[in-house]
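Work through the exercises below with the coordinates open. Each task is followed by a stepwise solution.

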Amino acid sequence: MIRLPLSATLALLFSAQTAFAALPAFSIWPGGEAPGAKNSPVSYALVERSKDPALPDRAVTGIRAPEITVYAPEHPNGVALLVTPGGSYQRVVLDKEGSDLAAPFNAKGYTLFVMTYRMPADGHAEGANAPLADAQRALRTLRARAAEWKINPQKIGVMGFSAGGHVAASLETRYDEAVYAPLDAVDKQSARPDFVVLGYPVISMDKTIAHPGSRKALIGEMPSAEQINHYSPELNVTAQTPPTFLMHAVDDPSVPVDNSLVMFNALREHKVPTELHLFAEGKHGFGIRGAKGLPAAAWPELAMNWIASLP
């Protein structure tokens with residue numbers, strides 16, 4: 001292992017931070033803070049968890065003013081992906097399931113919009129619906145401003161990972177649920193994604209297969225049957241649910257692969273176009289960097305091939 005002098009390490013970290021700061025970013029809500037954030041006591045914090053400047057691993061907590069960072073390709077193909085990274089509904093990780101995706105997807109012309117979203121247990125007025133409210137507003141914003149980013153407003157998908165997969169799956173099954181009061185013309189846009197990509201997603205609130213931390217953050221220790229059903233996307237699939245691509249590692253120790261299986265079966269039952277890829281190895285949260293050397297490393301290409309095949 002090559003050990004860099006402290007000054008060189010700090011210089012690399014500074015240059016990485018400068019590069020991130022230079023990326024286009026904008027608030028999801030007018031004025032910055034979400035309307036329901038006024039009820040929340042949390043404070044924003046960004047932490048760099050990596051000791052390797054070449055592999056940033058930023059995590060955000062205390063989100064009150066969700067925002068979108070834009071990773072634009074040199075030659076846009078008109079297709080957009082709203083990215084909802086994971087973080088166990090405790091934080092949002094910005095790199096492993098965010099900035100890392102830019103290189104392969106931008107190379108094929110996809111425009112990525114990596115978003116932060118509020119946590120369900122942070123005391124926001126919308127409660128457990130705070131992440132969904134942010135995702136609905138984000139997708140409507142992309143549709144309203146599609147021309148600005150050279151994207152087709154009928155080719156906007158959402159790609160979510162882990163707890164962010166639950167955000168994405170909630171959006172695809174509850175896109176028309178009124179979880180916040182309309183604010184302006186943006187809210188006249190549809191919040192329905194045109195397609196969905198789910199990576200090792202948190203799906204079910206059934207205690208036998210649920211991710212315990214995400215379940216507790218969403219519906220508490222002793223939820224009602226109504227809460228369990230309402231926050232389990234597989235129970236809210238309809239024939240209008242968008243086409244969905246799923247991928248998961250069978251050896252995932254955190255979010256059982258059963259989450260992807262129940263979602264896949266629900267989609268098939270309602271005749272929603274769907275594709276499922278299960279990988280023997282990968283554990284949890286592999287994204288791109290954690291899949292190197294494994295068959296799971298093929299997932300971005302598989303996902304893009306699937307997206308390109310959609311009508």
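**Exercise 1. A small sheet**

In which sense do strand β3 and β6 pair, and over how many bridges? Place the pair in its sheet.

Solution. Keep in mind that the model is predicted.
- Step 1. Take β3, residues 58-61. Its pairing with β6 is antiparallel and runs over two bridges.
- Step 2. Pick out one bridge. Val60 has Val92 in β6 as its bridge partner.
- Step 3. Widen the view. The open sheet has three strands, ordered β2-β3-β6, with antiparallel pairing.
- Step 4. Find the edges. These are β2 (45-48) and β6 (92-93), each of which pairs on one side only.

**Exercise 2. The nonpolar cores**

Which residues have the most contacts inside the largest nonpolar core? Then trace the surroundings of Leu82.

Solution.
- Step 1. The largest core holds 56 residues. Its most-contacted members are Ile68, Leu82, Phe113, Tyr117, Leu171, Leu198 and Met263.
- Step 2. Ask which element supplies the largest share. Helix α3 (residues 130-144) does, with six residues.
- Step 3. Note the second, separate core. It has 27 residues, including Tyr110, Val114, Ala249 and Ile307.
- Step 4. Return to Leu82 and skip neighbours within four places in sequence. Its contacts include Ile68, Phe113, Ala135, Ala138, Leu139 and Leu142. Gly157, Val158 and Met159 are also among them.

**Exercise 3. Aromatic pairs**

How many aromatic pairs does a search of the whole structure find? Analyse the one formed by Phe113 and Trp149.

Solution.
- Step 1. The search returns 11 aromatic pairs.
- Step 2. Check the geometry of Phe113 and Trp149. The ring centres are 5.9 Å apart and the planes make 80 degrees. Planes over 60 degrees apart count as edge-to-face, and this pair is edge-to-face.
- Step 3. Locate the partners. Phe113 is in strand β7 (residues 111-115), while Trp149 is in the loop between α3 and β8 (156-161), so the pair ties together parts 36 residues apart in sequence.
- Step 4. Check burial. Both Phe113 and Trp149 are buried.
- Step 5. Look for a cluster. Phe105, Tyr110, Phe161, Tyr200, Phe286 and Trp299 form one.

**Exercise 4. Two polar residues in helices**

Are Thr173 and Arg140 buried or exposed? List what each one touches.

Solution.
- Step 1. Thr173 belongs to helix α4 (residues 163-174). Its relative accessible area is 12%. The cut-off for buried is under 20%, so Thr173 is buried.
- Step 2. Inspect its side chain. A polar atom there lies 2.8 Å from the backbone oxygen of Ala169.
- Step 3. Leave out neighbours within four places in sequence. Thr173 then contacts Pro233, Asn236, Val237, Thr241 and Met263.
- Step 4. Move to Arg140 in helix α3. At 11% relative accessibility, Arg140 is buried too.
- Step 5. Apply the sequence filter again, up to four places. Arg140 touches Tyr175, Tyr180, Val186, Asp187, Gln189, Ser190 and Ala191.

**Exercise 5. One face of a helix**

Which residues of helix α5 are buried, and what do they pack against?

Solution.
- Step 1. Helix α5 spans residues 212-219. Its buried residues are Ser214, Arg215, Ala217, Leu218 and Ile219.
- Step 2. View down the axis. These buried residues fall within an arc of 165 degrees, so they line one face of α5.
- Step 3. Find the packing partners. They are α4 and α6 (225-230).
- Step 4. Check what follows α5. Gly220 does, with a positive phi near 80 degrees.

Key. Residues are numbered from 1 along each chain as its sequence is written. This is a predicted model: local features need pLDDT of at least 70, side-chain atom pairs count only at pLDDT 80 or more; totals for chains, interfaces and linings use all residues. Side-chain values use heavy atoms; hydrogens and water are left out. Two strands pair if DSSP finds at least two bridges between them. Helices (H or I, at least four residues) and strands (E, at least two) are DSSP runs, numbered from the N terminus. A nonpolar core is a set of buried Ala, Val, Leu, Ile, Met, Phe, Trp, Tyr and Cys residues joined through side-chain atoms within 4.5 Å. Buried means under 20% relative accessible area, exposed over 50%, partly exposed in between (1.4 Å probe, protein chains only). Contact means heavy atoms within 4.5 Å. A polar contact is a pair of N or O atoms within 3.5 Å; within protein, one must be able to donate a hydrogen and the other to accept it, and residues adjacent in sequence count only if both atoms are side-chain atoms. The arc is that of the directions from the helix axis to the C-beta atoms. Rings of Phe, Tyr and Trp (its six-membered ring) pair if their centres lie within 6.5 Å; planes under 30 degrees apart count as stacked, over 60 as edge-to-face and the rest as tilted.
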